[in-house]
Amino acid sequence: MRVDLISREYPPEVYGGAGVHVAELVHALRKAGTDVVVRAFGVPRDENGVTSYLVPAELAGANPALATLGVDLQIARDVEGADLVHSHTWYANAAGHVASLLYGIPHVVTAHSLEPLRPWKAEQLGGGYRLSSWIEETAFAGAAKIIAVSEGMKRDILRSYPALDPTRVEVVYNGIDLEKWKPHRDEDITRSLGIDPSRPSVVFVGRITRQKGLTYLLRAAALLPPEVQFVLCAGAPDTPEILEEVREGVAALQLLRSGVVWIDRLLSQTELRTVLTGATTFVCPSIYEPLGIVNLEAMACGVPVVGTATGGIPEVVDDGVTGKLVPIEQADDGTGTPLDPDRFVADLAAALIAVISNPKAAKKMGAAGRARAEAMFSWDKIAERTRQIYASLT
């Protein structure tokens with residue numbers, strides 16, 4: 001069986017969790033014997049079995065959603081001969097949907113996020129947000145199976161698209177490479193990044209988007225004890241406006257306290273693993289998060305995770321065992337906005353302080369997180385479950 005797997009992101013062009021997921025899934029599927037052809041956006045890659053696609057010259061400068069369709073149509077043309085097509089995120093969904101119609105093959109969609117729950121993307125895409133939403137809805141309606149990366153994500157899918165048959169939605173978690181992501185201490189690397197290894201630290205890693213809750217985190221960081229470092233590994237802003245908000249928030253925080261470190265470049269895997277390993281706690285303040293691979297990366301490095309009790313995060317973080325969950329009441333208009341932002345900020349700060357103030361308990365939580373990652377989130381298990389879904393359709 002030949003599976004054509006379609007993704008906007010694929011190494012070396014990876015900027016978020018979906019790209020990490022695709023790269024690791026492809027490796028695990030091939031290791032298990034599945035013939036996988038990767039079709040990805042971007043510049044040519046050297047890897048066998050991978051074809052890359054650029055935006056057609058005629059659409060250069062067009063709305064990003066329209067340019068995406070131009071890439072998708074090229075990919076759909078080339079899927080001929082596959083037994084099944086598997087697309088990841090709305091960027092690839094149109095290619096999978098068109099190829100399914102064109103060649104009469106099953107289309108599997110993995111949902112890493114949902115357009116109805118990211119209305120702030122209209123800031124980034126303008127009218128293209130209506131186009132991306134249409135693509136996702138159409139692809140979901142026509143897909144043979146939809147894979148949700150958490151039970152929380154499955155609930156969101158069925159709430160956003162109530163006409164879907166629930167039996168077509170399967171849950172397959174994101175995973176973690178347990179050999180690549182494990183504790184790694186290197187104080188020279190830590191210092192080179194501006195982090196003092198002798199001080200406790202709270203670490204955030206993620207893109208600068210509305211859904212990551214950075215504005216709330218920056219307010220919570222102002223409430224942390226003065227000896228605590230705040231390390232922000234954040235880049236790839238969705239819009240200039242959200243970038244400016246974060247810049248202003250960091251600048252204000254730096255006037256209040258020392259040890260505010262903002263790393264806005266993409267860290268190497270070794271650097272990031274070192275930063276995570278040296279953290280007292282990792283923080284995930286997202287207001288929308290289907291699962292959060294970065295939470296798994298932190299857990300695999302033996303670090304407790306403080307995360308918002310939303311989306312798939314409660315399925316990753318075992319409250320009181322591998323970290324702490326921060327309660328949140330959210331608007332049901334798709335934005336996920338906290339109904340009481342001040343309370344959310346205070347609760348987030350309190351959870352972080354509780355972990356930081358008890359290093360012995362934090363270390364125990366970190367060890368439990370590593371054990372949970374090993375037990376539940378290995379890529380071998382996730383690839384096998386994905387192969388079972390493929391087999392049920394062919």
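The following legends describe close-up views of a predicted model.

**View 1. The seven-stranded open sheet and its edges.** In this predicted model, seven strands are arranged as an open sheet whose order is β3-β2-β1-β4-β5-β6-β7, and the pairing is parallel. The edge positions are taken by β3, residues 50-53, and β7, residues 169-171, each of which pairs on one side only. From one strand to the next, the twist averages 20 degrees. Within this sheet, strand β1, residues 2-7, runs parallel to strand β2, residues 35-41, and the two are joined by six bridges. One residue of this pairing can be picked out by name, since the bridge partner of R2 in β2 is D35.

**View 2. Two helices packed on the seven-stranded sheet.** Helix α2, which spans residues 64-78, packs on the sheet and touches β1, β2 and β3, with a direction that makes about 155 degrees with that of β2. Helix α6, residues 151-160, also packs on the sheet, where it touches β5 (107-111), β6 (145-148) and β7, and its direction makes about 165 degrees with that of β7.

**View 3. Strand β6 between β5 and β7.** Both faces of β6 are covered, with K145 and I147 buried on one side and I146 and A148 buried on the other. The pairing of β5 with β6 is in the parallel sense and extends over four bridges, and in this pairing A111 stands opposite A148 of β6. Towards β7, the strand β6 is joined by three bridges, and these two strands likewise run parallel. Here A148 stands opposite V171 of β7, so that A148, buried on its side of β6 under the 20% limit of relative accessible area, takes part in this view as a partner of both A111 and V171.

**View 4. The surroundings of T89.** T89 is located in the loop that lies between β4, residues 84-88, and α3, residues 90-103. Its relative accessibility is 17%, and T89 therefore counts as buried, the limit being under 20% relative accessible area. When the neighbours within four places in sequence are left aside, T89 is in contact with A18, T110 and H112.

**View 5. An arginine over a tyrosine ring.** R8 lies over the face of Y91, at 4.2 Å from the ring centre. Aromatic pairs are a separate matter, and a search of the whole structure finds four of them.

**View 6. The crossing of helices α1 and α15.** Two packed helices are described by the angle between their axes and the distance between the axes. For helix α1, residues 17-31, and helix α15, residues 379-393, the axes come within 9 Å and cross at roughly 75 degrees. Because angles of 65 to 115 degrees count as roughly perpendicular, α1 and α15 are described as roughly perpendicular to each other. On the α1 side the contact is made by H21, E24, L25, A28, L29 and K31, and on the α15 side by W379, D380, I382, A383, T386, R387 and Y390.

**View 7. The six-stranded open sheet with its edge strands.** Six strands form an open sheet in the order β10-β9-β8-β11-β12-β13, and the pairing is parallel. The edges are occupied by β10, residues 260-263, and β13, residues 323-326, each with a single partner strand, so one side of each is left without a neighbour in the sheet. The twist averages 20 degrees from one strand to the next. Strand β9, residues 229-235, runs parallel to β10 and is joined to it by four bridges, and F230 stands opposite V260 in β10.

**View 8. Helix α11 on the six-stranded sheet.** Helix α11 packs on the sheet, touching β8 (201-207), β11 (281-284) and β12 (305-308), and its direction makes about 170 degrees with that of β11. Of the eight residues of α11, residues 293-300, eight are buried, so this helix is largely enclosed by the rest of the structure. The buried residues are I293, V294, N295, L296, E297, A298, M299 and A300. After α11 comes G302, whose phi is positive, near 80 degrees.

**View 9. The surroundings of L253.** L253 lies in helix α9, residues 240-256, and is buried, with a relative accessible area of 2%. Apart from neighbours within four places in sequence, L253 is in contact with L218, A221, A222, F230 and V260. F230 and V260 are also the residues that stand opposite each other between β9 and β10. The C-alpha atoms of L253 and I105, which are 148 residues apart along the chain, are separated by 54 Å.

Note on methods:
Residues are numbered from 1 along each chain as its sequence is written. This is a predicted model: local features need pLDDT of at least 70, side-chain atom pairs count only at pLDDT 80 or more; totals for chains, interfaces and linings use all residues. Side-chain values use heavy atoms; hydrogens and water are left out. Two strands pair if DSSP finds at least two bridges between them. Axes are lines fitted to C-alpha atoms, for helices over the stretch in contact, and angles run from 0 to 180 degrees between N-to-C directions. Contact means heavy atoms within 4.5 Å. Buried means under 20% relative accessible area, exposed over 50%, partly exposed in between (1.4 Å probe, protein chains only). Rings of Phe, Tyr and Trp (its six-membered ring) pair if their centres lie within 6.5 Å; planes under 30 degrees apart count as stacked, over 60 as edge-to-face and the rest as tilted. A charge sits over a ring if NZ of Lys or CZ of Arg is within 6 Å of the ring centre and within 35 degrees of the ring normal. Angles under 35 degrees count as roughly parallel, over 145 as roughly antiparallel, 65 to 115 as roughly perpendicular and the rest as oblique.
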